[in-house]
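Colleague: I'm new to this one. Can you walk me through it?
Modeller: Sure. Have a look first, then ask away.

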Amino acid sequence: MSIIFSFIREDTFWSILLFVHFLLAVGLLAAVTLQAVAVLMPARQMAGGFVDRNPMPAASYATLIAVVYVLQALMGAWIYIKYRTYVRIPMEELRRFWTVGSFEFKEHVVTMGLGLLPAYWYFWQQPASAEHAGVRRWVTIFLALCVWYSFLVGHVANDFRGVGS
Amino acid sequence: MTQTLDVGEGFSRFDSSHAKAAPTSTEQSSAKLGTFAITFGIAFPLLYTVYERLNWPLFTYHPVLGNLDFWRQSAGVGPPMFWYGWIVLAAASAFVVAGIATIVSGHWLRRATVYFCVLAVLWPAALTGLRIFIVDWATFDADFLNSVWVAAIPAFVGAAVVTYYVSARLADRLWTSWLLIVPIGGLVVLGYSLLQPWFLR
């Protein structure tokens, strides 16, 4: 880390990292939301062996979502070091207990999503299979809710002390 | 706005003569991968919740010093961070559990999943029940009952009884449902543990 800080100011480095974390979060949010919408509104079977086209190819996004989710979790874990010392302590001093509690819960939510990723990825390898259609749908929705919750709580924490705050 | 669906190809997968044929090595690998992924998805949130509640991190990170210490270490200079340690320990344990699951028969795997999920509910419930008994009901010095190992006895027996009465069909149907029941249950437990320190403060 000291090598990096000899080229760039420490505050600037963490701000860049937080901004990249935000950009990846927006991408992940968009992909997982579209996929959740796709599973909630599946293609309709029509007469003559035709189907309505889905708004997006849900299956092809699964690997991308899994990879970005892991990247985001790793990046969040890295930034969490700075959060623990530079953000959370002043939060507690200012009695922003709801913000701290929500962020603590975010750690658990992200972790639960992380544990589900192998199963989520596996279910999407055979998107046409009816065998796991129900669980595939709900795992995808659960993952989307995890990402949404993490995004919103992360945004609130960033507003307290982060990029542009 | 429409696309054709190859009906012949689509239905051939469900053809009974194909389904009853001996599974190829690719199908066996896919089934093992599925077993591994689903078991990992059930075991990881369960173990993470247990390790968090017991505060069993594999290591402790001290962000101010940049030090990594094995197992749980109290605060030195600055706050200790346990989260990484819980995740790594849960992931490693779940990896082992999922690996074992691939060599166990499907029937026993589903039974074992029911057993351990029920045990995860009954063990803390039994401990809470014992503590309530000690404080509110006991007319003698019952402090020796305040132990996780005493609570383990009714929990293990209760889980065995429940598993015995759960039919093979229900265990089969429940198996993938645990993928949602366990993380949501874990989040309820972990969220409840945050109420007092943060949300009701």
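**Chain A, chain B and the helices between them**

Modeller: From the N terminus on, chain A runs α-α-β-β-α-α-α. The helices (H or I, at least four residues) and strands (E, at least two) are DSSP runs, numbered from the N terminus. This is a predicted model: local features need pLDDT of at least 70, side-chain atom pairs count only at pLDDT 80 or more, and totals for chains, interfaces and linings use all residues. Residues are numbered from 1 along each chain as its sequence is written, while chains are lettered from A and ligands numbered from 1 in the order in which they are written.

Colleague: How many helices and strands are there in chain A?
Modeller: Five helices and two strands.

Colleague: And what percentage of chain A is buried?
Modeller: Buried residues are 33% of the 165 residues in chain A. A residue is buried if 20 or more other C-beta atoms lie within 10 Å of its own, exposed if 12 or fewer, and partly exposed in between; the C-beta atoms are placed from the backbone.

Colleague: Now the two chains. How many residues of each are in contact?
Modeller: 31 residues of chain A are in contact with 36 residues of chain B. Two residues are in contact if their C-beta atoms, placed from the backbone, lie within 7 Å.

Colleague: Which elements of chain A give two or more residues to that side?
Modeller: Strand 2 (50-52), helix 3 (58-93), helix 4 (97-123) and helix 5 (133-160) of chain A. The largest share, 16 residues, comes from helix 4 of chain A.

Colleague: What classes of residue are on that side?
Modeller: The side of chain A that touches chain B has 19 nonpolar, seven polar and five charged residues. Ala, Val, Leu, Ile, Met, Phe, Trp, Tyr, Cys and Pro count as nonpolar, Asp, Glu, Lys and Arg as charged, and the others, Gly among them, as polar.

Colleague: So what angle do helix 4 of chain A and helix 3 of chain B make?
Modeller: About 170°, with their axes 8 Å apart. That makes helix 4 of chain A roughly antiparallel to helix 3 of chain B. Angles under 35 degrees count as roughly parallel, over 145 as roughly antiparallel, 65 to 115 as roughly perpendicular and the rest as oblique. Axes are lines fitted to C-alpha atoms, for helices over the stretch in contact, and angles run from 0 to 180 degrees between N-to-C directions.

Colleague: Which residues meet there?
Modeller: Among them are A:T111, A:G115 and A:Y122 in helix 4 of chain A, and B:L33, B:F44 and B:Y48 in helix 3 of chain B. This contact divides into 12 nonpolar, four polar and no charged residues.

Colleague: Let's stay with helix 3 of chain B. How does it pack with helix 8 of chain B?
Modeller: Helix 3 of chain B and helix 8 (residues 178-199) of chain B pack at about 15°, with axes 8 Å apart. That makes helix 3 of chain B roughly parallel to helix 8 of chain B. Their contact has 11 nonpolar, four polar and two charged residues.

Colleague: And with helix 4 of chain B?
Modeller: Helix 3 (residues 25-54) and helix 4 of chain B pack at about 145°, and their axes are 8 Å apart. The contact includes B:F36, B:F40 and B:F44 of helix 3 of chain B, and B:W86 and B:F95 of helix 4 of chain B. By class, this contact has 17 nonpolar, three polar and one charged residues.

Colleague: Where does B:A92 lie?
Modeller: In helix 4 (residues 83-101) of chain B. B:A92 is exposed, because 12 other C-beta atoms lie within 10 Å. B:A92 and B:F44 are 48 residues apart in sequence and 8.8 Å apart in space, C-alpha to C-alpha.

Colleague: New topic. What is the phi of B:N55?
Modeller: Near 55°, a positive value in a residue other than glycine. Most residues other than glycine have a negative phi. B:N55 sits in the loop between helix 3 and strand 2 (59-62) of chain B. B:N55 counts as exposed, because it has 10 C-beta neighbours inside 10 Å.

Colleague: And what about B:W71?
Modeller: B:W71 has a positive phi of about 60°, although it is not a glycine. B:W71 lies in the loop between strand 3 (67-70) and helix 4 of chain B. With 11 C-beta neighbours inside 10 Å, B:W71 counts as exposed.
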